[in-house]
Amino acid sequence: MRHYDKRARGRSALVALLVLIAALAIAACGSDDGVGGGNSDSETEVAKAGPAKGEITISNWPAYMDTGKDNTVNEYEDKRGVKVDYVEDVNDNAEFFGKLRPQLEQGQSGGRSIFVVTDWMAKQMYDLGYLQELPHDDLQTVFDNILPSLESPSFDPERKFSVPWQSGMTGMMVNEKLAPDVKSVNDLFDPKYKGKVTFLSEMRDSVPLVMKANGVDVDNATKQDWLDAIDKLRDAAESGQIRRFTGNDYNQDMTNENVVAAIGWSGDTSIIENEDVKWRMPAEGCILWSDNMVIPKGAPNTAAALDWMNFVYEPKVQADIANYVQYVTPVAGVDEVLPKLADNELIFPDDEFTKNCSTQPDPPGSKEDQQEVTEAFQDMITGQS
Amino acid sequence: MTALRRRLIPYGLLGPGAIWLILFFAVPMYFMGEMALRSGSLDTGGFTFTWEWQNFSDALSGSNEQLVRSFVYAGLATVFALLIAYPLAYAIALRAGRFKLLLLFAVVAPFFTTYLIRTIAWKTILADASPAVDVLQFMHLVPEDGRVLATSGAVIAGLTYNFLPFMILPIYASLERMDVRLIESAKDLYASSTKAFLRVTLPISAPGIVAGVLLTFIPAVGDYVNALLLGGTGQSMVGNVIQSLYLQQRDYPEAAALSFVMMVAILAVVVVYLRLAGTGAFMGDEDERQA
Amino acid sequence: MSGAWRWLRRNALLLYAGVAVLYMLLPIIVVGLFSFDETSNGKLDYRWSGFTLDYWRNAFADESVNEAMRTSIELAALATVVATILGTLMALALVRHKFRGRGISNLLIILPMATPEIVIGASLLSMFLIYGITLGFTTLFIAHVMFSISFVVVVVRSRLIGFDRSIEEAAADLGAPPLTTFRTITMPLLAPGIVAAALLAFALSIDDFVISNFNSGTTETFPLYIFGVSLRGIPVQVNVLATMLFVVAVVCIGLVLWQQRQAERMAAVRPEAEPAL
């Protein structure tokens, strides 16, 4: 017995059409033409300073703030009388961008006054017109105390829109017992470690390190250099040399010794519960990056935001943060406050230690070129030809 | 009850849920469809609507490998889940007596802890050097120098495990209403256990099986997180590609187009499956009873 | 020897069920085990280094975990109730009535399950923004109900199919109005299906990540919190709370059942009161 006869089918189609029209009508009430393109044609706002009061919301990465009753957030609330809603909802630059973009597109920040993103993401957001500019006159403490090496980075030479929160180094995590001779990123391609090696899925960490190991100067690399490095990674992935491309989940693999050498971040040694695993500076140098505080368009209470930035750049305040976070602090003078940590080259690396390191680069060329490189890398990761 | 009232009842029952779905699913889907026909890029002036049907063909040609793989993984996971879940649901529904609800809860409650915690636990259990993997190697289920994690096997196992409640609950629900005496009477009529099962139990549980298969297969195809955490470099599924297109490449039109392609493919498979299973088991048309 | 073999065959199903239950509980057992693990920094590591009760003693020390878990449970409970009601009604309509638009309804129900979460999440977000709805608990609630309805419908429907209507017809023959029949006969018989559907909806909601990530604003649910802290180490309290959640859920049901049994026993012992004539 036929379930639908012709008339019923016709009626169903009519109902479908009506539902579609209804949906279209609702949707048309608030349409979004020309998605994207950003607000770059609108005025670049400069964050307004003023007396710090009221409340602010700060979005940051997890474990970037010391804990306990007298942590820095509470300290700030007490000293300045500003209520802080500190939210740790930045897990990944691309993910954070993905969920904030629709709001930033409309000039809203979702209530946030500050959020913290890595160099390249800050630049992309600025280029799209999502960020406010920072008035240096109102950030005295910041620019008095900022490390000289961070004063003028290539992605924001005049520090117009970003203030570093913490810096870090991308290099290699090595199990010294099982892979003692891994000294350069090229060693990760050694067949005797087949299937026991991972790279980061972050393009701007993995690819520049491979380029450096090939002798390329990453600051002057061409698009072809990037693509060649991506090809090298692709071959290694297809042959099974590279086990996976990871986010931070390489930590568990290294603890369990599924992986003996990986590209990893300098501050992660405390998470890996395996005494044999150490962070190693690759022979050809590491990649330096910072996570930066930025003020988005539509941020409420920019006065308190600027005040917060000044507050955390006081060496004594920063010392508490640096002590907990164990990444590279951007504030000068903290090593005097924390003499015990002053020798830790992962927290206070000296110029000798980082002499071969490069700041995290973007793919060169126009936006189209960058898109091409990004696409090539992503295709490689998802196994597309 | 007037005739008009009686005719309006189904719409009244259907109404609230349908309105919720239309408002909060159909309308967003319209936006997604509209986005799928745009072109451009975020950095160079935004996306404009240009009836870009090419997005669909690009999506299909670029990701056919991942599409096929997703269907294979999801299909295998569904089969394994069915094989594991059916006897368990049977045991709970028909043999557990007064403990059945307790057991049901006990079996589903582990899935209240988040996916990541469960997966971390599995990764601990199945680490390359763990005793569990040694046993598997001893049983030759895993090659001597092989591993469990970062393989297709791990992804399929992850999919199977995480969708087990989706298979168990519907089968339990439809088996539970079976009167056990039906089996007894079948046996009184000299049917063997197997025959009794095939002619009595299986047909009664058929709606539950169909429901479980759909609830497992359909979401499993679009899954990305199992391949992300348990897979290696050759196990990407369609979900991973869509994630990458949306978040990393910010190619919203192609992400939307690929999503549509995937959804249509899923619907096609579902239609074929329902044809084979008999729509009565799914639609429950009162006139279409199982033979 | 053959006696043992026969015993095995007769109890094969129960043995299998035992193994299967163990398999399903394996991760939570490991989670529970590691909640007693001594760690050097209070964060979950994946190696056993000694037994300690510290984390159980300080189970609620980490406020962000507690808050995230509280939010998730509230959200899941609320969303489950609404989704189960809406879904059950829809299932009733679809199975028991013939009406125009069944095909469309089926499509509307299947499509959400087939749509990748990131697309649902992102499209919902855009829509919420356009209509100016503030992101937070409300938007999470809306989203969670939305994706749970489909699952509820499919589960309840499978219970409804092949439902023996003769009991209901008998009640009608005895003069019971339709609503009473529905309340006293249909619903109780339907109950296991509804409970199963509600369990599924609850599990879906409490585990959702992608859609919640896009639509939560600054509200934090448990999965969002976990994915966040997994970046720099998960506090062991998470394992403690997860184990607690599991134990509490199972114990609650156990208590309900035990109390039911007590009630049944009392009813069997106490003489029936004669209805007044």
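User: Which residues have the most contacts inside the largest nonpolar core?

Analyst: Please note that this is a predicted model. Its largest nonpolar core has 289 residues, and those with the most contacts inside it are A:Ala261, B:Ala85, B:Ala89, B:Tyr172, C:Val155 and C:Leu200.

User: Where does this core lie with respect to domain 1 and domain 2 of chain A?

Analyst: Domain 1 (55-167 + 290-347) and domain 2 (168-288 + 362-381) of chain A both give residues to the core, so the core lies between them.

User: How many residues of each domain of chain A are in contact with the other domain?

Analyst: The contact joins 9 residues of domain 1 of chain A to 10 residues of domain 2 of chain A. On the side of domain 1 that touches domain 2, there are 5 nonpolar, 3 polar and 1 charged residues. The centres of the two domains, taken over C-alpha atoms, are 27 Å apart.

User: I should like to study A:Ala261 further. Which residues does A:Ala261 touch, not counting residues up to four places away in sequence?

Analyst: Among them are A:Met172, A:Val174, A:Leu188, A:Tyr193 and A:Val197. A:Ala261 belongs to strand E7 (residues 261-265) of chain A.

User: How should I read the two faces of a strand, and which residues of E7(A) point one way and which the other way?

Analyst: In a regular strand the side chains alternate between the two faces of the sheet. In E7(A), A:Ala261, A:Ile263 and A:Trp265 point one way, while A:Ala262 and A:Gly264 point the other way. Residues on both faces are buried, and the strand is accordingly described as mostly covered, with 5 of its 5 residues buried.

User: How many bridges join strand E4 of chain A to E7(A)?

Analyst: Strand E4 (residues 163-175) of chain A is joined to E7(A) by 5 bridges, and the two run antiparallel. Within this pairing, A:Thr170 has A:Trp265 as its bridge partner in E7(A). Strand E5 (residues 197-200) of chain A also pairs with E7(A), in the parallel sense and over 2 bridges. There, A:Thr198 stands opposite A:Ala262.

User: The loop between E4 and E5 of chain A contains A:Pro180. Is A:Pro180 buried or exposed?

Analyst: A:Pro180 counts as exposed because it has 11 C-beta neighbours inside 10 Å, and the cut-off for exposed is 12 or fewer. A:Pro180 and A:Ala261 are 81 residues apart in sequence, yet their C-alpha atoms are 9.5 Å apart in space.

User: What share of the contacts in chain A with a separation of 6 or more comes from residues 24 or more positions apart?

Analyst: Such residues account for 79% of those contacts. Chain A has 12 helices and 10 strands, and 52% of its 385 residues count as buried.

User: How should I read a backbone phi angle, and which residue of chain A has a positive phi of about 50 degrees although it is not a glycine?

Analyst: Most residues other than glycine have a negative phi. A:Arg159 has a positive phi of about 50 degrees. A:Arg159 is placed in the loop between helix H5 (140-145) and E4 of chain A, and it counts as buried because it has 20 C-beta neighbours inside 10 Å. In chain B, B:Ala150 has a positive phi of about 60 degrees. B:Ala150 is in the loop between helix H6 (131-138) and H7 of chain B, and its 26 C-beta neighbours inside 10 Å are why it counts as buried.

User: How many residues of chain B and chain C are in contact?

Analyst: The contact involves 75 residues of chain B and 78 residues of chain C. H1(B) gives the most to the side of chain B that touches chain C, with 18 residues. That side divides into 59 nonpolar, 11 polar and 5 charged residues.

User: How many residues of chain C and chain A form their contact?

Analyst: This contact takes 27 residues from chain C and 29 residues from chain A. H6(C) gives the most to the side of chain C that touches chain A, with 4 residues. By class, that side has 11 nonpolar, 10 polar and 6 charged residues.

User: Where in chain A is the confidence of the prediction lowest and highest among the elements?

Analyst: Helix H1 (residues 6-29) of chain A has the lowest mean pLDDT, 55, and strand E3 (residues 114-118) of chain A the highest, 95. Over residues 1-5 of chain A the pLDDT is below 50, and it stays under 50 over residues 29-34 of chain A. For the chain as a whole the mean pLDDT is 86, and 89% of the residues reach 70 or more.

Conventions:
Residues are numbered from 1 along each chain as its sequence is written. Chains are lettered from A and ligands numbered from 1 in the order in which they are written. This is a predicted model: local features need pLDDT of at least 70, side-chain atom pairs count only at pLDDT 80 or more; totals for chains, interfaces and linings use all residues. Two residues are in contact if their C-beta atoms, placed from the backbone, lie within 7 Å. Ala, Val, Leu, Ile, Met, Phe, Trp, Tyr, Cys and Pro count as nonpolar, Asp, Glu, Lys and Arg as charged, and the others, Gly among them, as polar. pLDDT is the predictor's confidence in each residue, from 0 to 100. A nonpolar core is a set of buried Ala, Val, Leu, Ile, Met, Phe, Trp, Tyr and Cys residues joined through C-beta atoms within 7 Å. Domain bounds come from an automatic or database domain assignment. Two strands pair if DSSP finds at least two bridges between them.
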